[in-house]
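Please walk me through this structure as a teacher would, one feature at a time. I would like the general idea of each feature, and then the case at hand.

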Amino acid sequence: MGDTQAAPVPRQNLAPLLVPLVVGGLVAVGLGVYGRVHTPTGYAVGPAGFSGPLAMKTWLTTGAFLLALVQVFSALVMWGQITWDVPWIATAHRWSGRAAFLLTVPVAFHCLYALGTQFDVPRVMAHSLLGCFFYGVFVAKMLALPRRGLPGWTLPLLGGLAFTALAGLWLTSSLWFFTTIGVTL
């Protein structure tokens, strides 16, 4: 046997990833089905401090998107892609993620409960699908976090998908609001 023969690559066990992906998929599909079969109530979540529910959703989504940018930056530092020696970066990553998620909850509640999943307008359809996908991939990431033995690409991939979905949500809602209605509270 010569030295030119490559060593066999060990196969990765993807079984621990099955439950997070299935549950995340069920969450995404469940939200979509609920939003579609549920009769929209038109009931708005209390927009304290805002001129209306759309303005509230716009600013909360903007806040979540900015915190998601913190998530991406802190993840790049934690994974050694950006050199910055700060002991609190993991804490900043966790708390920015928690805060971003909390900001999305009233937005999602209003979208699903008051408006439902809509497919009539392309922007709204993309927004509806991205919203369901965001929560599905978020659940998959949260369930994958404590698991050991997952491939090294699992968390960056799920985190990247969550960020991409949130960026799409911001583009299809907040950016639309700012450019169509204006920057208003």
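The dialogue below takes up helix packing and then a few single residues.

Q: What kind of model is this, and how are its residues numbered?
A: This is a predicted model, in which local features need pLDDT of at least 70 and side-chain atom pairs count only at pLDDT 80 or more, while totals for chains, interfaces and linings use all residues. Residues are numbered from 1 along each chain as its sequence is written, and side-chain values use heavy atoms, with hydrogens and water left out.

Q: How do helix H1 and helix H4 pack, and at what angle?
A: Helices (H or I, at least four residues) are DSSP runs numbered from the N terminus, and their axes are lines fitted to C-alpha atoms over the stretch in contact, with angles from 0 to 180 degrees between N-to-C directions. Here H1, residues 15–37, packs against H4, residues 122–144, at about 155 degrees, and their axes are 7 Å apart. H1 and H4 are therefore roughly antiparallel, a word used for angles over 145 degrees.

Q: Which residues make the contact of H1 with H4?
A: Contact means heavy atoms within 4.5 Å. On the H1 side the residues include Pro 20, Leu 21, Val 23 and Gly 24, and on the H4 side they include Cys 132, Phe 133, Tyr 135 and Gly 136. By class, the contact of H1 with H4 has 13 nonpolar, three polar and no charged residues, where Ala, Val, Leu, Ile, Met, Phe, Trp, Tyr, Cys and Pro count as nonpolar, Asp, Glu, Lys and Arg as charged, and the others, Gly among them, as polar.

Q: At what angle do H2 and H5 pack, and how far apart are their axes?
A: Helix H2 (residues 53–78) and helix H5 (residues 154–172) pack at about 150 degrees, with axes 10 Å apart. That angle makes H2 roughly antiparallel to H5. Among the residues that meet are Thr 61, Thr 62 and Phe 65 in H2, and Phe 163, Leu 166 and Trp 170 in H5. The contact of H2 with H5 has ten nonpolar, two polar and no charged residues.

Q: Is Thr 62 buried or exposed?
A: Buried means under 20% relative accessible area, exposed over 50%, and partly exposed in between (1.4 Å probe, protein chains only). Thr 62, which lies in H2, has 11% relative accessibility and so counts as buried. Leaving aside neighbours within four places in sequence, Thr 62 is in contact with Trp 170, Ser 174 and Phe 178.

Q: Which backbone oxygen lies 2.8 Å from a polar atom of the Thr 62 side chain?
A: A polar contact is a pair of N or O atoms within 3.5 Å; within protein, one must be able to donate a hydrogen and the other to accept it, and residues adjacent in sequence count only if both atoms are side-chain atoms. For Thr 62, the partner at 2.8 Å is the backbone oxygen of Thr 58.

Q: What does Thr 154 in helix H5 touch?
A: Not counting residues up to four places away in sequence, Thr 154 touches Leu 17 and Ala 144. Thr 154 counts as buried, at 2% relative accessibility, and a polar atom of its side chain lies 2.9 Å from the backbone oxygen of Pro 151.

Q: How far apart in sequence and in space are Thr 172 and His 127?
A: Thr 172 and His 127 are 45 residues apart in sequence and 5.7 Å apart in space, C-alpha to C-alpha. Thr 172 lies in H5 and is buried, with a relative accessible area of 13%.

Note on methods. Helix = DSSP H or I, 4+ residues; strand = E, 2+ residues; numbered from the N terminus. Parallel < 35°, antiparallel > 145°, perpendicular 65-115°, else oblique.
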